[in-house]
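Take a look at the fold below. Start with the sheet, then work inward to a single side chain.

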Amino acid sequence: MPMASAQDDVTATDVVDRESLRAFVRASKRFYLEEVQSSSRDTATQMLRSEDGPWKTNEIYVFIVNRNGVMLMHGADSTRDGENMYDLEDANGVMMVRELIAAANDNGGYVEYLFDNPAIEGDEEIGSPKVGYAELMDGSGLDGDSTVIIGAGYYN
């Protein structure tokens, strides 16, 4: 199925700034919802997590959380699925998941925080500067909630 515009073709490898991050999240959201409808949630999740696909590369990946901060789908680490991330705080005191939920509830938005970058050795305790973008998504069939949050981030 053709995408609506050239900006819709943004993949994980294209994410370099805030604009491309937002376009990537929106393209991921459209893809996910279409795939859930035409196939299944499991297939959509597998495709978002695939190292060979357009939705995950190195440290760029998609995540889906519910409004309570429970990770429904972590694109890079499936062991985090089901984990409550609501109180996750960075070294500067930024409550990143809470702020991403708030940004999504405010018609989508960005949050700056520190997070462990797997490409940088030695930042495990403090983290590296990261920008996240999140927005609301229809969550029918995901968590019993009609609305969830989808997002992604990049290291700047």
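The paragraphs below go from sheet to helices to one histidine.

This is a predicted model: local features need pLDDT of at least 70, side-chain atom pairs count only at pLDDT 80 or more, and totals for chains, interfaces and linings use all residues. Residues are numbered from 1 along each chain as its sequence is written, and side-chain values use heavy atoms, with hydrogens and water left out.

Begin with the open sheet. Its 5 strands run in the order 2-1-5-4-3, with antiparallel pairing. Strands here are DSSP E runs of at least two residues, helices H or I runs of at least four, both numbered from the N terminus. Two strands pair if DSSP finds at least two bridges between them. Strand 2 and strand 3 (109-115) each have a single partner strand, so one side of each lacks a neighbour in the sheet. The twist averages 25° from one strand to the next; axes are lines fitted to C-alpha atoms, for helices over the stretch in contact, and angles run from 0 to 180 degrees between N-to-C directions.

Now the helices. Helix 2 (residues 41-49) lies across strand 1 and strand 2, at about 50° to strand 2. Contact means heavy atoms within 4.5 Å. Helix 3 (residues 96-105) lies across strand 1, strand 3, strand 4 (128-138) and strand 5, at about 170° to strand 3.

Finally, His 74. It lies in strand 2 (residues 71-74). Is His 74 buried or exposed? His 74 counts as buried because its relative accessibility is 5%; buried means under 20% relative accessible area, exposed over 50%, partly exposed in between (1.4 Å probe, protein chains only). Not counting residues up to four places away in sequence, His 74 touches Arg 49, Tyr 61, Val 62, Arg 80 and Asp 81.
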